[in-house]
Amino acid sequence: MRHRSILALIVVASFAANAQTRPPSAAIATAHPAATAAGREILESGGNAFDAAVAVAAALAVVEPYSSGLGGGGFFLLHRESDGSDVMLDARERAPLAARADMYLDANGQPIPRASLDGPRAAAVPGLPAGLAHLAQRYGKLPLARSLAPALRLARTGFAVTPLYRRFAQFRAEALIKGGAASIFLDGKDVPAAGALVRQLDLARTLERLAGKGAPGFYQGDTARRLVESVRSAGGIWTPADLEQYRVIERVPLRGTYRGAKIVTAALPSSGGILLIEMLGMLEGFDLEPLVPAERAHLLIEVMRRAYGDRALYLGDPAFMPRNLVTQILDPRRIANLKNSIDRARATASKTLPGVPAPLSGTDTTHFSIIDTAGNRVSATITINIPFGSGFVAAGTGVLLNNEMDDFSLAPGVPNAYGLTGGEANAIGPGKRPLSSMTPTFIETSDAVAILGTPGGSRIISMVLLAALDFMHGAADVRKWVNRPRFHHQYVPDRVSHEPNAFTADEAELLRRKGHELQSTERSYGNMQAVVWDRTNNKVDAASDPRGEGAADVFAIRERRAGAAR
């Protein structure tokens, strides 16, 4: 008995030692070097991962106006190491109270071209400013003003135009000119030269009010008045109540498992977490590792097809859905039935799947991942929808507004800007939050933790799936699964879109023989940002997608004296 007691004490001590292990370094991966530097500055000033997330998100709002901004919103997936808690901050945009289900349809019930994409009527009420204030107040160590300081400097002094900026500005130049944003983001009516400085003094003043007063500095007072007046004078439908009533919602993240790995991911109104867990549930019934690449791709395509079908048919703002619907979708018996419906030899035609609505007739967001030396983690995906959002800047604020109203179903079965269809669950309604594909995710195996996510519109979920599988099937180098070639199926249109280098000629031919229609994208897509903590070797690594212009940074944090930071 004495020997058993000693053995038990050794085992308990071993677990306790593992539980007390902390990352030896902090790490940040973002889509822009200036945002990565902003996060590092705050961590080195005594902030935690949540303070750094405020700094990174605000900096991206300045230097990536084509992907995010104070006029947008998003989801922050948080892990607090001190008590092991996970939470998702829902800072998703919200439909104005005057919104109607038919507001973008003509007299014949058909969508009015570009009505949900351009101008202030396309904008939902922003959530990012409230999200930053909430994150700093509830989870940070530093004052909001300190964490916003790097973004304020960038807005005042300017940032240099990059090739990526030029490409998106060219794509949205017409909307920027019509929306009054050309004076900020263009050179006259032309795309600015590479290296030209973009300064945003009105945005700096808006950031100052947010820093000084928190959320009321944006949703009330001078900023709110300017936003509403500018939107309404240009034909929008916002009212002061829309801004005053906006609230961040703390949601319980979705949890799942795959071959012993633990997955924590986004909850509704993101469809990403549901689809990720649903697809992994189907795949757990297959032995993927011995399969040749084309056979493996076939199975992945088929699980994507089925999960995206569920997205179109069932999902929307959880406040307007049956409470047990997600439980029903993720019921293991239902997932087993979906898995059993997959033909290993042939592609399933999407039109044959029960309950799938037929269609009647952008890809830019941003993501960042952070871990601090206490083990706190952030995976955040934020957006203004398609590049440069609605193209409309509210006068005197510098705030470029989103066009997230396009993420609602304009009419049953009508595709949005990303080709996604939807039904009644995601119909426009006053105060509703549109369904999203953003999929910030944590994955924990017995020896490692991954923090990941990506922009990419409807392709976000399939990109996270592919990277998650690489990680959980043993790809030790984070760069390998961030760089991996990508393919995607979203049930309609019934074809596989893929990066030019995703399949060899032989693999593509085998997939075609199985009945898949393949379509190569013009260029690579996605911009994944990932951090990995290898707990076995106690090493931290990070990767920023080479398809973008971001930066990953891994660095030690010197201990600060007690009382050096709040």
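The paragraphs below go from the whole chain to one sheet, a helix pair and a hairpin.

This is a predicted model. The protein chain holds 19 helices and 20 strands. Its C-alpha atoms fill a box of roughly 75 × 65 × 45 Å along the principal axes. The radius of gyration is 23 Å, which agrees with the value near 24 Å for a compact globule, because the chain has 566 residues. Of these 566 residues, 60% are buried, that is, under 20% relative accessible area.

Consider next an open sheet of seven strands. Read across the sheet, the strand order is E6-E3-E2-E10-E9-E1-E20, and the pairing is antiparallel. Strands of a sheet pair through backbone hydrogen bonds, either parallel or antiparallel. Strand E6 (249–251) and strand E20 (551–555) are the edge strands, each pairing on one side only. From one strand to the next, the twist averages 10°.

At the E6 edge, the partner is strand E3 (residues 85–91), which is joined to E6 by three bridges in the antiparallel sense. Within this pair, Glu250 of E6 stands opposite Leu89. Helix H4 (residues 128–139) packs on the sheet and touches strand E2 (73–80), E3, E6 and strand E10 (377–383). The direction of H4 makes about 15° with that of E2.

Now to a pair of helices. Two packed helices are described by the angle between their axes and the distance between the axes. For helix H2 (residues 33–44) and helix H5 (residues 144–157), the angle is about 150° and the axes are 9 Å apart. The crossing of H2 and H5 is right-handed. On the H2 side, the contact is made by Ala34, Ala38, Glu41 and Ile42. These meet Arg146, Ser147, Pro150, Arg153 and Leu154 in H5. By type, the residues of this contact comprise five nonpolar, one polar and three charged.

The last stop is strand E13 (residues 441–444), which pairs with strand E8 (residues 261–265) through four bridges, the two running antiparallel. E13 also pairs with strand E14 (residues 448–452), again antiparallel and over four bridges. E13 and E14 form a hairpin, with three residues between them.

Which residues pair with Phe442 in E13? Val264 has Phe442 as its bridge partner, while in E14 the residue opposite Phe442 is Ile451. Phe442 is thus a point at which to follow the pairing from E8 through E13 to E14.

Notes: Residues are numbered from 1 along each chain as its sequence is written. This is a predicted model: local features need pLDDT of at least 70, side-chain atom pairs count only at pLDDT 80 or more; totals for chains, interfaces and linings use all residues. Side-chain values use heavy atoms; hydrogens and water are left out. Axes are lines fitted to C-alpha atoms, for helices over the stretch in contact, and angles run from 0 to 180 degrees between N-to-C directions. A crossing is left-handed if the near helix is turned anticlockwise from the far one by less than a right angle, and right-handed if clockwise. Contact means heavy atoms within 4.5 Å. Ala, Val, Leu, Ile, Met, Phe, Trp, Tyr, Cys and Pro count as nonpolar, Asp, Glu, Lys and Arg as charged, and the others, Gly among them, as polar. Two strands pair if DSSP finds at least two bridges between them. The radius of gyration is taken over C-alpha atoms; the globule rule is 2.2 Å times the number of residues to the power 0.38. Buried means under 20% relative accessible area, exposed over 50%, partly exposed in between (1.4 Å probe, protein chains only).
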